[in-house]
Amino acid sequence: MQYDNGGELLVAHLESLGIDTVFGIVSVHNLPLVEAVDRHLRFVPVRHEATAVNAADGYGRARGSIGCALTSTGTGAGNAAGSLIEALSAGTAVLHVTGQVESQYLGSGRGFIHETKDQLGMLSAVSTYAATVTSARDAGRVLREASAAALATPGGPASVEWPIDLQYAAQEDAGEAVPSGEAPSPGAAELASAQALLAKSRRPLIWAGGGARHARAELAALLEATGAGLIGSNSGRGSVPEDHPLVIGNFATNPAVRALLADADVLVTIGTHFRSNETADYNLKLPEAHIQIDADAAALGRVYPVRHALHAEAAAVLPALTGAAVRADADWSARVTAVRDEVRAALHDDIGPQAAICDALATALPRGAVVARDVTIPSSSWGNRLLPIHDPRANVFPRGGGIGQGLGMGIGAALARPDEPTVVIAGDGGLAVHFGELLTVAQERPRLTLIVFNDGGYGVLRNMQDKYGERRSGVDLFTPDFGPLAAACALPYARIAAPEEAAPVLEAALGSDGPTLVEVDLTALGPMKNPFTPPVKIPTA
């Protein structure tokens with residue numbers, strides 16, 4: 001195939017991936033790409049390159065596929081790096097296409113505008129794949145290789161730097177296919193041993209991580225066949241809808257769930273990283289009878305000992321386990337359901353007046369609608385656990401733990417699924433990282449409800465300093481008056497200052513066909529019963 005320039009080639013490639021919306025910032029070093037996308041698809045001009053990647057990430061997660069971000073070279077690519085780290089941590093598919101200086105000056109170090117030292121090295125450090133387009137004949141191949149790497153297991157962002165002269169050049173694309181890797185398969189003996197272990201189990205538990213997202217039906221079948229309890233990492237939430245009576249959820253370190261783990265006679269874990277914050281810094285004890293399934297060989301036995309390591313995609317191996325499984329003891333399944341109800345009731349009570357907001361969202365949101373959660377106290381305490389998730393594509397949050405990324409992810413998710421409402425849960429401190437994206441919301445008018453929990457700074461760290469230290473440092477911040485701020489951005493505004501206001505305010509916001517900024521005044525609303533502090537170790541005397 002022949003194309004007038006690189007932009008036309010890029011559009012053809014994006015259309016082959018089913019991408020209809022691209023996020024980025026226009027530059028002299030990506031102009032042909034942006035102009036072509038804007039002609040044929042939808043180009044969303046965000047206000048910061050980090051948001052371009054976050055929005056592309058959220059777009060891909062909400063669709064269960066891949067998103068695309070366009071940035072400039074040098075500083076622009078550097079601005080994107082932090083968000084590429086998030087996609088790398090999460091293993092989510094993002095195609096990041098960045099400009100580059102003219103090919104004849106590439107790497108010369110003469111200070112060409114927007115040039116930086118070893119941009120490819122920087123991108124390689126924060127991407128699962130990174131390459132340079134070196135001619136007008138290899139751009140198509142590079143784009144296909146990048147996208148395939150992003151969509152493979154364990155996946156992540158793929159970065160392509162494209163010199164500006166080669167973007168303007170006429171393109172020749174041979175259309176050669178990218179070789180696909182062979183799917184991993186467990187050894188027959190290892191699988192048979194795992195089947196035998198599960199067949200003897202009467203007190204089974206399952207732990208679903210992000211690798212379970214693509215094996216929803218197979219996981220549900222195993223859960224029904226065994227009557228096991230399902231623990232979910234934050235990344236695995238929604239793999240089985242969380243209103244299922246056997247879904248305990250993201251409560252692994254809760255004392256009642258620890259007791260279940262202590263009494264279980266087998267644990268099947270599926271595609272989970274056992275992150276530090278979900279295992280009490282790896283102090284959580286798991287059963288010795290541990291069957292671990294992961295498509296990433298490096299993950300097997302990396303954190304916890306494993307009796308039977310099954311190197312495979314979950315969807316491929318779960319049916320074999322289901323076929324060998326027997327039903328758990330009835331009192332075990334009843335205990336699982338009782339623990340599920342117990343941990344939820346305790347958390348609902350512990351968050352005090354914020355429970356009204358959680359309940360209102362659960363009632364007003366359509367089933368499976370996206371909830372994008374920035375790193376803030378409401379997200380970390382109840383948004384990541386108590387607010388129900390019924391579809392893994394609805395579960396959008398920064399898995400690497402960086403603040404300020406939630407709004408960009410929510411913008412991407414909202415534009416990926418324009419026919420239903422999207423909610424963003426953010427704190428005033430995290431939102432301030434990218435205040436400029438309120439202008440993107442104002443310009444694009446997605447069906448997005450931005451809920452800002454305003455406590456005048458970094459509440460999580462403030463709570464830590466109050467608990468462990470003698471003074472506060474860097475946590476109390478100047479916060480704007482959100483009503484006039486919303487008005488300046490032509491955004492509808494509402495405020496929640498009492499529990500009884502949550503339901504009507506959120507019902508109205510979610511029922512609208514455009515954006516709304518909802519401020520939750522935490523001072524007026526009142527405190528949680530116990531101040532939330534993150535599960536990290538603080539050395540004390």
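Here is a quick tour of the two largest pockets in this structure, which is a predicted model.

Let's start with the largest pocket. Its volume comes to about 950 Å³. A total of 45 residues line this pocket, and those closest to its centre are Gly 91, Pro 154, Gly 210, Arg 213 and His 214. Several helices and a strand chip in: α3 (49–63), α4 (75–90), α6 (139–151), β13 (290–294) and α11 (314–324) each bring at least two residues to the lining of the largest pocket. The top contributor is α3, which gives four residues to that lining.

Now for the second largest pocket, with a volume of about 820 Å³. Here the lining is made up of 38 residues, and Asn 277, Val 375, Ser 380, Gly 401 and Pro 534 sit nearest the centre. Two or more lining residues come from each of α14 (377–383), α16 (428–433) and α18 (459–468). Of these, α18 has the largest share in the second largest pocket, with four residues.

What about the kinds of residues in each lining? The table sorts them by class.

| Pocket | Nonpolar | Polar | Charged |
|---|---|---|---|
| Largest pocket | 14 residues | 18 residues | 13 residues |
| Second largest pocket | 13 residues | 16 residues | nine residues |

To find the pockets in the 3D view, try their central residues: Arg 213 and His 214 are among those closest to the centre of the largest pocket, while Ser 380 and Gly 401 are among those nearest the centre of the second largest pocket.

Definitions and conventions
Residues are numbered from 1 along each chain as its sequence is written. This is a predicted model: local features need pLDDT of at least 70, side-chain atom pairs count only at pLDDT 80 or more; totals for chains, interfaces and linings use all residues. Side-chain values use heavy atoms; hydrogens and water are left out. On a 1 Å grid over the protein atoms alone, a cavity is a set of points where a 1.4 Å probe fits but cannot get out, and a pocket is an open set with protein on both sides within 12 Å along at least five of seven lines; lining residues have an atom within 4 Å of a point. Grid points are joined across faces, edges and corners, and a volume is the space filled by probe spheres set on the points. Ala, Val, Leu, Ile, Met, Phe, Trp, Tyr, Cys and Pro count as nonpolar, Asp, Glu, Lys and Arg as charged, and the others, Gly among them, as polar.
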